[in-house]
Amino acid sequence: MKSNFNQPQRQSLFGVLVIFLESVFQVLKATWPIIVISLLKANTKSVLIGFLILAVIFIYLAVYSFLKYRNFTFYIDDENDEFIISDGIINKTKTTIQLHKIQQVNIQQSLIQRIIGVYALDVDTAGSDTKEGNIKAISHEMAIALKSKLLENDGRKAVGAEEKVSELKLEDNLIPFIKINLLSLLKIGITSNYVKSVGLILTFFFTIYENLHQAGAEDVISTERFEGFVDENSLWYSGLVFVLVMFSVVFLINIGRTLLKFFDYTITKQKGSLLLSYGLINTKSTILKPEKVQIVKVSQNYLQKKLNVLEIKIKQAISAEKQDAKSLIEVPGCTAFERDAILKLLFKKLPEKGAIMRPNFRKLVFSIFLLIVLPLTGYYIFGNYIDKIVFEYAVLVIFYVVFCATVLFFSFSNYRLFINENHIIKQSGAWDIDNDIVEIGKIQAITISQLFWHKSLNIGSLTIHTAGGNITFQLGNFDTINEYVNIWLYEIETSNSNWM
């Protein structure tokens with residue numbers, strides 16, 4: 001089937017349903033505490049009024065969804081090499097995206113879109129403040145054809161749209177370059193993201209409690225059993241039970257999140273680029289171009305090293321207004337062999353750790369002062385002059401000091417900057433050892449700084465700016481930093497690499 005994108009066209013008619021269901025989901029997400037409390041505490045008349053209000057809201061959303069669909073059009077202006085999207089109900093907007101600024105085009109499918117049988121297409125640009133394109137409901141064939149058309153802007157000889165479709169349809173039959181199996185995903189789920197998961201759990205419960213508190217329904221969640229359990233048992237036993245329960249919940253959340261997000265993760269070579277496809281409920285397909293990669297982070301902790309798995313996070317060029325996470329591409333559960341294969345394809349050669357730069361020991365001293373000395377001083381002052389009861393928890397203070405000292409020591413021991421002819425590698429971390437790799441030719445700017453009391457010590461800090469974020473190395477030898485900076489600046493000025 002030949003697709004013509006030179007004339008304005010609408011999404012699939014199912015786009016009305018997609019927009020409506022997504023709007024309903026957002027409304028329910030924002031109001032579910034009120035709905036739950038109303039069902040639990042309100043009388044029959046109030047519940048009936050509530051359902052009538054919801055019905056009015058749903059009717060409004062249905063009309064809004066239809067008008068949103070009706071006024072949304074997109075097309076490609078071949079004469080000016082632009083992708084143009086028109087949108088809006090009352091206030092009409094026209095978004096123009098220059099084809100040469102398109103960084104990647106993602107084909108995605110949420111659970112709602114999968115049930116309906118349509119796909120979403122997102123246009124991602126780099127270094128631009130313009131609004132990006134998002135098409136919520138088109139067929140798979142049209143998504144593939146439009147993706148091909150948008151990404152062919154490098155001056156190559158054009159081929160017919162029908163030929164592109166038939167060519168790209170073969171991507172599903174290509175042999176995967178790398179396929180992350182289920183066992184590797186389980187290993188990553190077991191050994192990573194514990195701090196993030198604990199934060200999410202605490203945020204979730206505090207959010208629920210705050211919503212109930214504001215609605216005057218604290219009695220919906222009773223804390224009497226919890227308080228009774230703590231009173232009947234010792235503090236140590238209660239704390240141990242809490243830690244075990246939290247660990248179990250985090251364990252299950254990590255495994256579930258990893259499997260849902262990265263299920264059937266496959267990487268396929270396609271015309272010098274990488275085609276990444278993954279997802280169980282929300283599926284995603286994106287093309288990663290090596291020339292647009294800015295920073296590659298390789299992370300591995302002790303347990304992952306024993307299990308022979310690691311994580312790779314790839315940062316691409318982003319504009320100042322975008323969140324950094326939006327440009328991040330994760331590759332979980334790689335083996336060492338697969339890591340080397342990906343790095344060779346992204347950098348054309350395997351980055352090696354060359355000359356080493358170590359931080360001054362004062363970096364460790366300052367960290368100890370900030371995280372141990374100052375808190376201990378505050379604890380002592382509070383106990384002596386405000387309430388001596390805090391001294392009853394001195395064992396916890398000792399545990400905190402030992403824990404922080406251990407983390408700071410290993411963080412300092414692993415903090416290094418490696419420099420070779422083409423790459424800079426920053427190593428950091430206490431438990432998860434991160435290696436941030438940047439190609440010298442992709443550096444945008446370099447900042448060096450030195451506090452006045454560091455001049456006599458000949459130490460200073462270095463910040464490498466790229467279109468994908470910054471890499472900072474603190475308290476290294478300042479003369480050595482200046483020597484490398486002069487070399488890098490010369491290489492940047494004489495380089496003719498094109499990474500945009």
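**Group meeting talk: a loop, a helix and some rings**

Hi everyone, let me start in the loop between E18 and E19, because that is where Asn 458 sits. Before going on, please keep in mind that this is a predicted model. The phi of Asn 458 is near 60°, a positive value in a residue that is not glycine. Most residues other than glycine have a negative phi. With a relative accessibility of 22%, Asn 458 counts as partly exposed.

There is another positive phi to show you. Leu 475, also not a glycine, has a phi of about 55°. This residue belongs to strand E20, and at 12% relative accessible area Leu 475 is buried.

Now to helix H14, residues 478–494. With 17 residues at 1.5 Å a residue, H14 should span 24 Å, and its end C-alpha atoms are indeed 24 Å apart, so the two agree. Which residues of H14 are buried? They include Phe 478, Ile 481, Val 485 and Trp 488. These four cover an arc of only 85° around the axis, which puts them on the same side of H14. As a reminder, an α-helix has 3.6 residues a turn, so residues three or four places apart point the same way. On the face turned away from that buried side, you will find Glu 483, Asn 486 and Tyr 490, which are exposed.

What covers the buried residues of H14? Several strands contribute, including E15 (416–419), E19 (459–466) and E20 (469–477). At the N-terminal end of H14, Asn 477 acts as the cap: one of its side-chain oxygens lies 3.2 Å from the backbone nitrogen of Asp 479.

Let's finish with aromatics. Across the whole structure, a search finds 12 aromatic pairs. In one of them, the ring centres of Phe 262 and Tyr 265 are 6.0 Å apart with the planes at 45°, so this pair is tilted. Phe 262 counts as buried at 3% relative accessibility, and Tyr 265 counts as buried at 0%. Phe 262 also forms a tilted pair with Tyr 278, 5.8 Å centre to centre and 45° between the planes. Since Phe 262 lies in helix H9 (residues 235–262) and Tyr 278 in strand E9 (residues 273–278), that pair ties together parts 16 residues apart in sequence. Tyr 278 is buried, as is Phe 262.

Elsewhere, ring pairs link Phe 72, Phe 74 and Phe 83 into a cluster. And one last ring for you: Lys 363 lies over the face of Tyr 415, at 4.5 Å from the ring centre. Thanks, everyone!

Key:
Residues numbered from 1 in each chain as written. Predicted model: local features only at pLDDT ≥ 70, side-chain atom pairs only at ≥ 80, totals over all residues. Heavy atoms only, no water. Helix = DSSP H or I, 4+ residues; strand = E, 2+ residues; numbered from the N terminus. Expected span 1.5 Å × (residues − 1). Buried < 20%, exposed > 50% of the residue type's maximum accessible area, 1.4 Å probe, protein only. Arc of directions from axis to C-beta. Contact = heavy atoms within 4.5 Å. Polar contact = N/O pair within 3.5 Å; in protein donor to acceptor, adjacent residues only side chain to side chain. Phe/Tyr/Trp six-rings, centres within 6.5 Å; stacked < 30°, edge-to-face > 60°. Lys NZ or Arg CZ within 6 Å of the ring centre and 35° of its normal.
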